[in-house]
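Open the model in your viewer and keep the sequence panel visible. The stops below say what to select and what is found there.

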Amino acid sequence: MHFDRKELTDSDLIHFYTQLLKPRMIEEKMLVLLRQGKIAKWFSGIGQEAISVGTALAMHREEYILPMHRNLGVFTVRNIPLHRLFSQFQGKPGGFTNSRDRSFHFGTREYNIVGMISHLGPQLGVADGIALANKLKANNRSTAVFSGDGGASEGDFHESINVAAVWDLPVIFIIENNGYGLSTPSNEQFRCKQFIDKAIGYGIEGVQVDGNNVLEVYHAVNNINSQIRKTPRPVLLECLTFRMRGHEEASGTKYVPQELFDEWGKKDPVRNFEEYLVEAQILNAELIKEIRAYIRREIEEGLEVAFAESEPSPETNKEIGDLYAPFDHKTIHPESDQKTEMRFLDAITDGMKQSMKRHSNLVIMGQDVAEYGGVFKATIGFVEEFGKQRVRNTPLCESAIIGAGLGLSVNGFKSIVEMQFADFVTCGFNQIVNNLAKTHYRWGQNADVVVRMPTGAGVGAGPFHSQSNEAWFFHVPGLKIVYPAFPDDAKGLLNAAVNDPNPVMFFEHKALYRSVSGMVPNDYYTTEIGKAKLVREGNDLSIITYGFGVHWAIEALDQNPSISADLVDLRSLLPWDREAVINSVKKTGKVIIVHEDTLTGGIGAELAAVIANECFAFLDAPVVRSASLDTPVPMSSKLEWNFLPKDRFFQQLKELAEY
Ligand SMILES: Cc1ncc(C[n+]2csc(CCOP(=O)(O)OP(=O)(O)O)c2C)c(N)n1
């Protein structure tokens, strides 16, 4: 193995050696602890240390690194106290996740590290967002993100590199090509010869290095950084290496031919570097002994602290309390009484525009949202007013963009991400339910992202442009869901959603965009998330609904003036206003829950359960649910209106009134 020190001094090289040796020695200790049953699981990076260490040494301390499960060296080079790392590995409270997540699954803004989620690829989109924030701040910082060769088969890999390429984001995508993804060898994972060939397809530079040579990795990252800090652009860095142990310790290595271990064993990154330094008379046996003793002591001291720490004691209030980033909503009232009649869509546009003015760190991203103004024209004129840096057309890639929203949030920005249609959120689902929703609970990082969801049926658009999918998200702790029915609520709630540091799914019914109008305050204001609105007041029964359902209910009550009903518009679904619902049902004794979404497992099911539990003694009739048929949304208008519950609801309402 050839080592080229370039301008590195002897003391630099000794520092590099110490940094390279440390993760190796920690791992050797972890393997002993694993055998003793003192830790549960271990993903080994033995044989690959030069990549993490070389990269982290070349990154500036304030630059973000997004490591994977074999990148212990990133954490040690950043000098995270070992006792905190060990507590993290043991699920002790002194780690970084309050015992809520395992091993390397954590981030820390203090050390500018954003750790992985198990799904591997989503990490790459988050790096895009961090880099975009750096680019918008023009702070000349680079971002480094890791992927294994197996993880590179995921769609997120393609999406994230493509976005970085189109947006010229200063990211180094580091591929650790170690021959296996779990038990699957490379030839069953991908057909290309090498990963740098993929860079060509994305129109970016690809660099290949010997990943077992710490100096080669260091110089490559250094060289790339010196360019992309000045002229932002992504670079793909392929590091050739080998995984010297099993996928994780329990999985064994039977599927790996011995010859490969023999061959790569000769290329051991730590031993070869040590031999080079000894030959160059920079290191000697004495110094090696000293360095080893120093690291061993650090490990022992760290372990002592971690072992002495108690197991966590569960506190339910804290567990629930940490789900969302703290946010003290204070309703902002409009400064004047001036109002303008606006359509539902215009009110959303007005809210976004005022939020863009109010928050200079707010970025809007989505397909065709820039000059074209979005397919529904919600952002028409925004580019002229706020510029293309803040109003960003995205490639067709929901996952990378929602991931980028989280990255922007990590780096101090807010974002609104427009789904072209709510249906397409499926392609970004993982980022929402596993990244946006869980990050605050896991390691205290908020996800300041509003996902706009043009939703719903009634426009003859068929199964893939008409779905109601709010219930998918209703089940996910950590998200907020807002679903206004009137223009004034849409504006106030959207402004509140942008202010809220938590992830908000913001549903906008397409059929209401241009069909519903109302008087909307001209000034900026907010409407509190989580509070229902009593649209009509009556005594015979309660109608609980949201979105399109509110307008069906108004129509039904107008047609049946003899029915005296409370009409409760939930406005927010997560959290939903239990108090408003319970108070109304206790008053009237009868309730019908209406929603456009399909019946089974819909939001009505949860409401019905709570009502049955809390209002049982007050009920004079069974709780009624009215919802769409349990089928996909058909296109033909006749079929669509048969699918939707409106007609059935009118009938059910009369029956309930007469019950
Ligand atoms: C989306 C997803 N599918 C499957 C897995 C299970 N899994 C975890 S790591 C892994 C292999 C990853 O291989 P690679 O990206 O090459 O990284 P390496 O482990 O070789 O460092 C698999 C299949 C997962 N974590 N996430």
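**Ligand site**

Select the ligand and the residues around it: there are 14, and Arg70, Ser118, Gly150, Gly151 and Tyr180 come nearest. A residue is near a molecule or strand here if one of its heavy atoms lies within 4 Å of it. This is a predicted model, in which local features need pLDDT of at least 70 and side-chain atom pairs count only at pLDDT 80 or more, while totals for chains, interfaces and linings use all residues. Residues are numbered from 1 along each chain as its sequence is written, and side-chain values use heavy atoms, with hydrogens and water left out.

Now show backbone atoms at this site. A backbone N or O atom of Gly150 lies 2.7 Å from an oxygen atom of the ligand. For Gly151, a polar backbone atom is 2.7 Å from a ligand oxygen atom. At Tyr180, the distance from a polar backbone atom to an oxygen atom of the ligand is 2.8 Å. The cut-off for a polar contact is a pair of N or O atoms within 3.5 Å; within protein, one must be able to donate a hydrogen and the other to accept it, and residues adjacent in sequence count only if both atoms are side-chain atoms.

**Ala220**

Go next to Ala220, which sits in helix H8 (residues 214-228). Helices (H or I, at least four residues) and strands (E, at least two) are DSSP runs, numbered from the N terminus. Is Ala220 buried or exposed? Its relative accessible area is 12%, so Ala220 is buried; buried means under 20%, exposed over 50%, and partly exposed in between (1.4 Å probe, protein chains only).

Leaving aside neighbours within four places in sequence, Ala220 is in contact (heavy atoms within 4.5 Å) with Val209 and Leu237. Add Val207 to the selection: Ala220 and Val207 are 13 residues apart in sequence, and their C-alpha atoms are 7.9 Å apart.

**The seven-stranded sheet**

Select the strands E10-E9-E11-E12-E14-E13-E19, given in their sheet order; these seven form an open sheet with mixed pairing. Two strands pair if DSSP finds at least two bridges between them. E10 and strand E19 (572-574) each have a single partner strand and stand at the edges, so one side of each lacks a neighbour in the sheet. From one strand to the next, the twist averages 20°.

Within this sheet, colour strand E12 (residues 449-455) and strand E14 (residues 504-509), which run parallel and are joined by six bridges. Val451 stands opposite Met505 in E14.

**The five-stranded sheet**

Another open sheet, also of mixed pairing, has five strands in the order E16-E18-E17-E20-E21. Its edges are strand E16 (533-536) and strand E21 (624-628); each has a single partner strand, so one side of each is left without a neighbour in the sheet. Neighbouring strands are turned by 25° against each other on average, direction ignored.

Which strand pair should be picked out here? Strand E17 (residues 541-545) and strand E20 (residues 591-598) run parallel, with three bridges between them. Ser542 stands opposite Val591 in E20.

Then show helix H21. H21 lies across E16, E17, strand E18 (565-569) and E20, and runs at about 165° to E18. Axes are lines fitted to C-alpha atoms, for helices over the stretch in contact, and angles run from 0 to 180 degrees between N-to-C directions.

**Salt bridges**

Stay on H21 and select Glu555, which forms a salt bridge with Lys646, the closest N and O atoms being 2.9 Å apart. This pair links distant parts of the chain, with Glu555 in helix H21 (residues 548-559) and Lys646 in helix H25 (residues 646-658), 91 residues apart. Glu555 is partly exposed at 32% relative accessible area, whereas Lys646 is buried at 15%. A salt bridge is a side-chain nitrogen of Lys or Arg within 4 Å of a carboxyl oxygen of Asp or Glu, and the structure holds 32 of them.

Move to Lys388 and Glu371, whose side chains meet in a salt bridge (3.1 Å, N to O). Lys388 is in the loop between helix H14 (382-386) and strand E10 (391-393), and Glu371 is in the loop between strand E9 (362-366) and H14, 17 residues apart. Lys388 is partly exposed at 43%, as is Glu371 at 46%.

Finish at Asp322 and Lys318, which form a salt bridge of 2.9 Å, N to O. Asp322 is buried at 18%, and Lys318 is partly exposed at 36%.
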